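Work through the exercises below with the sequence and the model at hand. Each task is followed by a solution in steps.

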Amino acid sequence: MHTPWDHRYAQRTQRMGSSAIRELLKFTEQPDMISFAGGMPAPEVFPVQEFKEACIRVLTDYGPTALQYGATEGYKPLLEMIARHTHRYGINVSIENIMITSGSQQALDLLGKIFINRGDRILVESPTYLGAMQAWNAYGAEYVAVPSDENGMVTEELEEALRTGPKFIYVLPNFQNPTGVTLSMKRRHQLVELADRYGVPIIEDDPYGQLRFEGEHLPSVVVLDDQFRGNHNVYHGNVIYLSTFSKILAPGIRLAWVIAPAEVIRKMVQAKQGIDLHTATFNQIVAHEVGKSGFLDEHVKLIRETYRTRRDVMLEVMEETMPPGVNWTHPEGGLFLWATMPPQCDAAQILKLAIEQKVAFVPGAPFFPCGGGANTMRLNFSNATPEKIQEGMVRLAHLLQRAVCP
Ligand SMILES: Cc1ncc(COP(=O)(O)O)c(C=O)c1O
């Protein structure tokens, strides 16, 4: 429809496209659809009862505070809880280094807003998180892509990319979105060393790090960077670290946190004031109430168990039914796995047929910052029940059998 606003959009708006994922989610809302498309947690593990009780306690004990405006940085007891949690993972940060955001998605946007000028190059692994590119495209970001394999970003190819003078490196070391792969220990060290040698800082996005259900925990890049600088347990600030309550508690509360040098936090606070003043006080106090007595440690065990079962079902059906020529990752945690079909296959075309068969996935191409990947797809295993995963994957495999070996 023609509107008086048609010719009034800002130049940056032309760089905004609607996300392929969001468009797809419309189809997946049909009740009989089996969806491997979104990145949604299992609704069965949401701690509904704990939230219910916490809401009543918060309104009883801190009603007026919980319903009032709050500090842009975040609710202090929640910041202190995050500082304690961060310390357990090997970094000493004070609350001046932490800020609460309305989801990590907002943190990505704030970082874009304060750091990215039109034409700035951002070094990313390819494929990378679509939501980060969506946020940064509006600020005019360009991308320098480093390929990834089953051990994450191929750091052997990092040096050449660093020579192009990127503003920062954006990396997802644990159970990456979209591929599910984990950056190996050797490559984590290489990343830290090369970033230091070329003087390029790092943004580490880690929504899934606590959702490991197999293998050994690997230290975060932020921890390794601080060790590299020789002073254990001190935050040096070369790595900005993002994590979120979305995957360990509930995405609907829109709560995440950023760890950054105090000066960067101050700039982000100024930027956030222009957006939403602060993240919902009520949600922050409720999340603190739910999490304050060690509940999260127990709760993540349930999430890991649930997702491990679902991943195993998905992998088993794939082993049994996928045609030759289709390969896939074996994630040790997180929410996603990634399948690669022979080069002649087009995942977007296959999706149209899949939707007719009431099964959905996300075609991989939009996750590639510099094109390619038409023969890839992201499959989410956290959201559907094991029975639905079994049924949906059989349907999908039949489609792929026709697409790959017509
Ligand atoms: C890598 C990555 N970063 C950020 C986000 C955004 O998370 P949040 O719900 O905290 O906004 C997601 C969500 O799936 C993600 O996968």
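**Exercise 1. Polar contacts of the ligand**

Task: Find which side chains place a polar atom by an oxygen atom of the ligand in this predicted model, and give the distances.

Solution:
- Step 1. Start with N177: a polar atom of its side chain is 2.8 Å from a ligand oxygen.
- Step 2. Go on to Y208, where the separation between a polar side-chain atom and an oxygen of the ligand is 2.5 Å.
- Step 3. Add K247, which has a side-chain N or O atom 2.8 Å from an oxygen atom of the ligand.
- Step 4. Turn to the surface of the ligand: taken alone it exposes 400 Å², and the protein buries 92% of that.

**Exercise 2. The shell around the ligand**

Task: Describe the residues that surround the ligand by number, class and origin.

Solution:
- Step 1. The ligand is surrounded by 13 residues, and the closest are S104, D205, Y208, T244 and S246.
- Step 2. Sorted by class, the shell holds 6 polar, 4 nonpolar and 3 charged residues.
- Step 3. Helix α5, residues 103-115, contributes 3 residues, the largest share of the shell.

**Exercise 3. A lysine in helix α5**

Task: Is K113 buried, partly exposed or exposed?

Solution:
- Step 1. Locate K113 in helix α5.
- Step 2. The partly exposed class lies between 20% and 50% relative accessible area.
- Step 3. K113 is therefore partly exposed, because its relative accessibility is 42%.
- Step 4. For its surroundings, note W136: the two residues are 23 apart along the chain, with 8.0 Å between their C-alpha atoms.

**Exercise 4. The second largest pocket**

Task: State the volume of the second largest pocket and describe its lining.

Solution:
- Step 1. The volume of this pocket is about 270 Å³.
- Step 2. Its lining has 15 residues, with M81, H85, R88, G291 and L296 nearest the centre.
- Step 3. Both α4 (76-88) and α12 (295-321) supply at least two lining residues, and α4 gives the most, with 5.
- Step 4. By class, 7 of the lining residues are nonpolar, 4 polar and 4 charged.

**Exercise 5. The largest cavity**

Task: How many cavities of 30 Å³ or more are there, and what lines the largest cavity?

Solution:
- Step 1. The count is 3 cavities of 30 Å³ or more.
- Step 2. The largest cavity has a volume of about 220 Å³.
- Step 3. It is lined by 17 residues, and H85, Y89, D206, Q210 and Y241 lie nearest its centre.
- Step 4. The elements giving two or more residues to this lining are α4 and β8 (239-244); β8 gives the most, with 3.
- Step 5. The lining comprises 9 polar, 7 nonpolar and 1 charged residues.

Key. Residues are numbered from 1 along each chain as its sequence is written. This is a predicted model: local features need pLDDT of at least 70, side-chain atom pairs count only at pLDDT 80 or more; totals for chains, interfaces and linings use all residues. Side-chain values use heavy atoms; hydrogens and water are left out. A residue is near a molecule or strand if one of its heavy atoms lies within 4 Å of it. A polar contact is a pair of N or O atoms within 3.5 Å; within protein, one must be able to donate a hydrogen and the other to accept it, and residues adjacent in sequence count only if both atoms are side-chain atoms. Accessible areas come from the Shrake-Rupley method with a 1.4 Å probe; for residues, only the protein chains shown count as cover. Helices (H or I, at least four residues) and strands (E, at least two) are DSSP runs, numbered from the N terminus. Ala, Val, Leu, Ile, Met, Phe, Trp, Tyr, Cys and Pro count as nonpolar, Asp, Glu, Lys and Arg as charged, and the others, Gly among them, as polar. On a 1 Å grid over the protein atoms alone, a cavity is a set of points where a 1.4 Å probe fits but cannot get out, and a pocket is an open set with protein on both sides within 12 Å along at least five of seven lines; lining residues have an atom within 4 Å of a point. Grid points are joined across faces, edges and corners, and a volume is the space filled by probe spheres set on the points. Buried means under 20% relative accessible area, exposed over 50%, partly exposed in between (1.4 Å probe, protein chains only).
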